[in-house]
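Grab a pencil and work through a few short exercises on the protein shown below. Try each task yourself before you read its solution.

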Amino acid sequence: MGFLKGLFNGSSENWPESWKEMFSLDDLQAAWEQSFEKPVIFFKHSNRCSVSFHVKGKLERDYTISAEEGQFYFLNLIEHRDVSNEIANLTGVRHESPQMIAVFKGEVLYQASHGKISSEKLKESLMQAS
């Protein structure tokens with residue numbers, strides 16, 4: 001996970017070691033299947049967008065969600081637009097960036113984009129699912 005720490009600037013002690021990066025449609029399929037066991041959270045990040053970096057930094061500072069509450073997946077949508085498009089197809093949530101979508105049992109629990117992404121509101125949505 002050293003690569004991800006570098007990607008996230010290593011600036012947060014709270015950032016989850018369990019964060020998984022998606023690289024392919026196969027990774028997405030595995031994550032989608034996992035959503036039937038526990039919530040999964042997709043964070044779509046654009047490394048070309050200052051708003052995306054700002055939101056990511058805010059999440060790093062405010063992050064309080066445990067791996068037991070939900071499995072996090074990071075997607076560099078610039079490199080893997082096909083995966084981002086398939087997330088939109090599976091969830092019915094129109095693509096935006098940055099974007100966070102939480103799914104449990106194939107259903108969207110939470111979705112937000114840009115400055116509306118909130119780890120607190122995400123956590124509330126995850127608590128309602130349990």
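The exercises go from the whole chain to single residues.

A word on the ground rules first. This is a predicted model, so local features need pLDDT of at least 70 and side-chain atom pairs count only at pLDDT 80 or more, while totals for chains, interfaces and linings use all residues. Residues are numbered from 1 along each chain as its sequence is written, and side-chain values use heavy atoms, with hydrogens and water left out.

**Exercise 1: the whole chain**

Task: Find out in what order the elements of the protein chain run from the N terminus on.

Solution:
- Start with the tally: the protein chain has five helices and five strands. Helices (H or I, at least four residues) and strands (E, at least two) are DSSP runs, numbered from the N terminus.
- Now walk along the chain, and you get α-β-α-β-α-β-α-β-β-α.
- Next, burial: 48% of the 130 residues count as buried. Here buried means under 20% relative accessible area, exposed over 50%, and partly exposed in between, using a 1.4 Å probe and protein chains only.
- Last, look at contacts, meaning heavy atoms within 4.5 Å. Take those between residues at least 6 apart in sequence: 65% of them join residues at least 24 apart.

**Exercise 2: the sheet**

Task: Work out the strand order of the open sheet.

Solution:
- Two strands pair if DSSP finds at least two bridges between them.
- Strand β1 (residues 20-21) pairs with β3 in the parallel sense over two bridges. One match to look for is Lys20 with Tyr73 in β3.
- Strand β2 (residues 40-45) is also parallel to β3, with six bridges, and Ile41 stands opposite Phe72 there.
- Strand β4 (residues 99-104) and β5 run antiparallel and are joined by six bridges. Phe104 faces Glu107 in that pair.
- Put together, the five strands have the order β1-β3-β2-β4-β5, with mixed pairing. β1 and β5 (107-113) stand at the edges with a single partner strand each, so one side of each has no neighbour in the sheet.

**Exercise 3: strand β3**

Task: Decide which residues of β3 are buried on each of its faces.

Solution:
- Remember the basic pattern: in a regular strand the side chains alternate between the two faces of the sheet.
- On one side you find Gln71, Tyr73 and Leu75, and on the other Phe72, Phe74 and Asn76, all buried.
- That makes six of the six residues of β3 (residues 71-76), so the strand is largely enclosed by the rest of the structure.

**Exercise 4: helices on the sheet**

Task: Say which strands α3 and α5 lie across.

Solution:
- Helix α3 (residues 50-62) has 13 residues and reaches 18 Å from first to last C-alpha, close to the 18 Å expected at 1.5 Å a residue. The expected span is 1.5 Å times one less than the number of residues.
- α3 lies across β2 and β4, at about 145° to β2. Axes are lines fitted to C-alpha atoms, for helices over the stretch in contact, and angles run from 0 to 180 degrees between N-to-C directions.
- The buried residues of α3 include Val55 and Leu59.
- Helix α5 (residues 119-129) lies across β2, β3, β4 and β5, at about 175° to β5.

**Exercise 5: helix α2 and Trp32**

Task: Find where the buried residues of α2 sit and what they pack against.

Solution:
- In helix α2 (residues 25-34), the buried ones are Leu28, Ala31, Trp32 and Gln34. They cover an arc of only 155° around the axis, which puts them on the same side of α2. The arc is taken from the directions from the helix axis to the C-beta atoms.
- These residues pack against β2, β3, α4 (81-91) and β4.
- Zoom in on Trp32, which is buried at 11% relative accessibility. Leaving out residues up to four places away in sequence, Trp32 touches Phe42, Leu90, Thr91, Val103 and Gly106.

**Exercise 6: unusual backbone**

Task: Spot where a cis peptide bond and positive phi values turn up.

Solution:
- Most residues other than glycine have a negative phi, and most peptide bonds are trans.
- The cis bond joins Ser97 and Pro98, with omega about -5°. Pro98 is in the loop between α4 and β4.
- Lys105, in the loop between β4 and β5, has a positive phi of about 55°.
- His114, in the loop between β5 and α5, has a positive phi near 55°.
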